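Please open the structure in a viewer and keep the selection tool at hand. The tour below proceeds stop by stop, stating at each one what to select and what is found there.

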Amino acid sequence: MKECREVKKISQNELAKLIQAHHSIIGKYERDEVKPSIDVAVKIANVLNTTVGFLLGETEDNNAFQDPLMLKRLNDINILPSREKEALLLTLDAFLRDYKAKKAYS
(Lines give C-alpha, C1' and ligand atoms only; values in the text may rest on other atoms or scores of the structure.)
Protein backbone atom coordinates (compact mmCIF):
# COMPACT_ATOMS: atom_id res chain seq x y z
CA MET A 1 0.00 0.00 0.00
CA LYS A 2 2.81 2.40 0.89
CA GLU A 3 4.42 1.85 -2.51
CA CYS A 4 1.15 2.61 -4.30
CA ARG A 5 0.57 5.71 -2.18
CA GLU A 6 4.09 7.04 -2.81
CA VAL A 7 3.81 6.51 -6.57
CA LYS A 8 0.63 8.62 -6.53
CA LYS A 9 2.48 11.20 -4.37
CA ILE A 10 -0.21 11.07 -1.70
CA SER A 11 0.72 11.50 1.96
CA GLN A 12 -0.71 9.29 4.66
CA ASN A 13 -2.75 12.24 5.84
CA GLU A 14 -4.15 12.92 2.36
CA LEU A 15 -5.05 9.26 1.87
CA ALA A 16 -6.82 9.22 5.22
CA LYS A 17 -8.88 12.26 4.22
CA LEU A 18 -9.74 10.72 0.85
CA ILE A 19 -11.07 7.55 2.48
CA GLN A 20 -12.60 9.47 5.40
CA ALA A 21 -10.44 7.86 8.09
CA HIS A 22 -8.19 9.08 10.90
CA HIS A 23 -4.69 9.89 9.66
CA SER A 24 -2.94 7.57 12.13
CA ILE A 25 -4.67 4.47 10.76
CA ILE A 26 -2.86 4.64 7.41
CA GLY A 27 0.52 4.12 9.07
CA LYS A 28 -0.90 1.20 11.02
CA TYR A 29 -2.18 -0.37 7.79
CA GLU A 30 1.21 0.11 6.13
CA ARG A 31 3.06 -1.46 9.07
CA ASP A 32 0.59 -4.39 9.17
CA GLU A 33 -0.41 -3.49 12.72
CA VAL A 34 -4.08 -3.31 11.72
CA LYS A 35 -5.98 -4.79 8.80
CA PRO A 36 -8.56 -2.60 7.04
CA SER A 37 -12.10 -3.82 6.60
CA ILE A 38 -13.10 -4.89 3.10
CA ASP A 39 -15.00 -1.63 2.62
CA VAL A 40 -11.94 0.42 3.59
CA ALA A 41 -9.64 -1.73 1.41
CA VAL A 42 -11.93 -1.07 -1.56
CA LYS A 43 -11.82 2.69 -0.88
CA ILE A 44 -8.02 2.62 -0.65
CA ALA A 45 -7.71 0.59 -3.86
CA ASN A 46 -9.99 3.01 -5.69
CA VAL A 47 -8.04 6.07 -4.52
CA LEU A 48 -4.73 4.43 -5.48
CA ASN A 49 -6.04 3.15 -8.84
CA THR A 50 -5.26 -0.47 -8.07
CA THR A 51 -7.10 -3.55 -6.84
CA VAL A 52 -7.68 -4.95 -3.39
CA GLY A 53 -5.92 -8.10 -4.57
CA PHE A 54 -2.81 -6.15 -5.49
CA LEU A 55 -2.82 -4.39 -2.12
CA LEU A 56 -3.04 -7.80 -0.45
CA GLY A 57 -0.06 -9.09 -2.42
CA GLU A 58 -2.04 -11.22 -4.84
CA THR A 59 0.01 -10.37 -7.91
CA GLU A 60 -0.03 -13.79 -9.58
CA ASP A 61 -2.01 -12.39 -12.51
CA ASN A 62 1.01 -10.23 -13.45
CA ASN A 63 -1.25 -7.45 -14.67
CA ALA A 64 1.16 -4.54 -15.18
CA PHE A 65 -1.68 -2.06 -15.12
CA GLN A 66 -2.49 -2.96 -11.52
CA ASP A 67 1.14 -2.44 -10.40
CA PRO A 68 1.55 1.30 -9.79
CA LEU A 69 5.33 1.24 -10.28
CA MET A 70 5.01 -0.57 -13.60
CA LEU A 71 2.23 1.76 -14.66
CA LYS A 72 4.43 4.76 -13.83
CA ARG A 73 7.24 3.29 -15.93
CA LEU A 74 4.90 2.67 -18.84
CA ASN A 75 3.61 6.23 -18.63
CA ASP A 76 7.18 7.56 -18.52
CA ILE A 77 8.08 5.52 -21.60
CA ASN A 78 4.97 6.73 -23.38
CA ILE A 79 6.00 10.40 -23.11
CA LEU A 80 9.48 9.85 -24.53
CA PRO A 81 10.20 11.28 -27.97
CA SER A 82 9.47 8.65 -30.62
CA ARG A 83 13.12 7.96 -31.46
CA GLU A 84 14.09 7.32 -27.84
CA LYS A 85 10.92 5.32 -27.23
CA GLU A 86 11.63 3.08 -30.23
CA ALA A 87 15.23 2.50 -29.09
CA LEU A 88 14.08 1.57 -25.60
CA LEU A 89 11.38 -0.77 -26.89
CA LEU A 90 13.84 -2.52 -29.22
CA THR A 91 16.20 -3.05 -26.29
CA LEU A 92 13.36 -4.31 -24.13
CA ASP A 93 12.16 -6.67 -26.88
CA ALA A 94 15.68 -8.11 -27.24
CA PHE A 95 16.01 -8.59 -23.49
CA LEU A 96 12.63 -10.35 -23.27
CA ARG A 97 13.41 -12.56 -26.26
CA ASP A 98 16.74 -13.62 -24.73
CA TYR A 99 15.14 -14.25 -21.33
CA LYS A 100 12.42 -16.41 -22.86
CA ALA A 101 14.97 -18.37 -24.89
CA LYS A 102 17.12 -19.05 -21.81
CA LYS A 103 14.06 -20.10 -19.85
CA ALA A 104 12.95 -22.44 -22.64
CA TYR A 105 16.33 -24.19 -22.76
CA SER A 106 16.95 -24.48 -19.03
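**First stop: a surface patch**

Select L89, L92, F95, L96 and Y99, which together make a nonpolar surface patch of about 470 Å². Please bear in mind throughout that the model is predicted. Within this patch, L89 may be picked out on its own; L89 lies in helix α7, which covers residues 82-104. Is L89 buried, partly exposed or exposed? L89 counts as partly exposed, because its relative accessibility is 32% and the partly exposed class lies between 20% and 50%.

**Second stop: a charged pair, R97 and D98**

Next, select R97 and D98. These two residues form a salt bridge, in which the closest N and O atoms are 3.2 Å apart. R97 is exposed, with a relative accessible area of 53%, whereas D98 counts as partly exposed at 36% relative accessibility.

**Third stop: the nonpolar core**

Now turn to the interior. Select C4, I10, L15, A16, I19, I25, I26, Y29, I44, L48 and F54: these 11 residues form the largest nonpolar core. Two elements, α2 and α3 (23-30), each give two or more residues to this core. Which of the elements gives the most to the core? It is α3, with 3 residues. As a general background, nonpolar side chains in soluble globular proteins tend to be buried together.

**Fourth stop: the salt bridge of R5 and E30**

The salt bridges in the model come to a count of 5. One of them joins R5 to E30, with the closest N and O atoms 2.6 Å apart. Select both residues and follow the chain between them: R5 belongs to helix α1 (residues 2-7) and E30 to helix α3, so the pair, 25 residues apart, links distant parts of the chain. R5 counts as buried, because its relative accessibility is 7% and buried means under 20%.

**Fifth stop: R31 and E33**

Continue to R31 and E33, which form a further salt bridge; here the closest N and O atoms are 2.8 Å apart. R31 counts as exposed, at 51% relative accessibility.

**Last stop: N13**

Finally, select N13, which is found in helix α2 (residues 12-18). N13 counts as partly exposed, with a relative accessibility of 37%. To conclude, add D32 to the selection and display the C-alpha atoms. What distance separates the C-alpha atoms of N13 and D32? The two atoms are separated by 17 Å, and the residues are 19 residues apart along the chain.

Technical notes:
Residues are numbered from 1 along each chain as its sequence is written. This is a predicted model: local features need pLDDT of at least 70, side-chain atom pairs count only at pLDDT 80 or more; totals for chains, interfaces and linings use all residues. Side-chain values use heavy atoms; hydrogens and water are left out. Patches are made of residues with over 30% relative accessible area and no salt bridge: like charges are joined within 9 Å, nonpolar side chains (Val, Leu, Ile, Met, Phe, Trp, Tyr) within 5 Å. Accessible areas come from the Shrake-Rupley method with a 1.4 Å probe; for residues, only the protein chains shown count as cover. A salt bridge is a side-chain nitrogen of Lys or Arg within 4 Å of a carboxyl oxygen of Asp or Glu. Helices (H or I, at least four residues) and strands (E, at least two) are DSSP runs, numbered from the N terminus. Buried means under 20% relative accessible area, exposed over 50%, partly exposed in between (1.4 Å probe, protein chains only). A nonpolar core is a set of buried Ala, Val, Leu, Ile, Met, Phe, Trp, Tyr and Cys residues joined through side-chain atoms within 4.5 Å.
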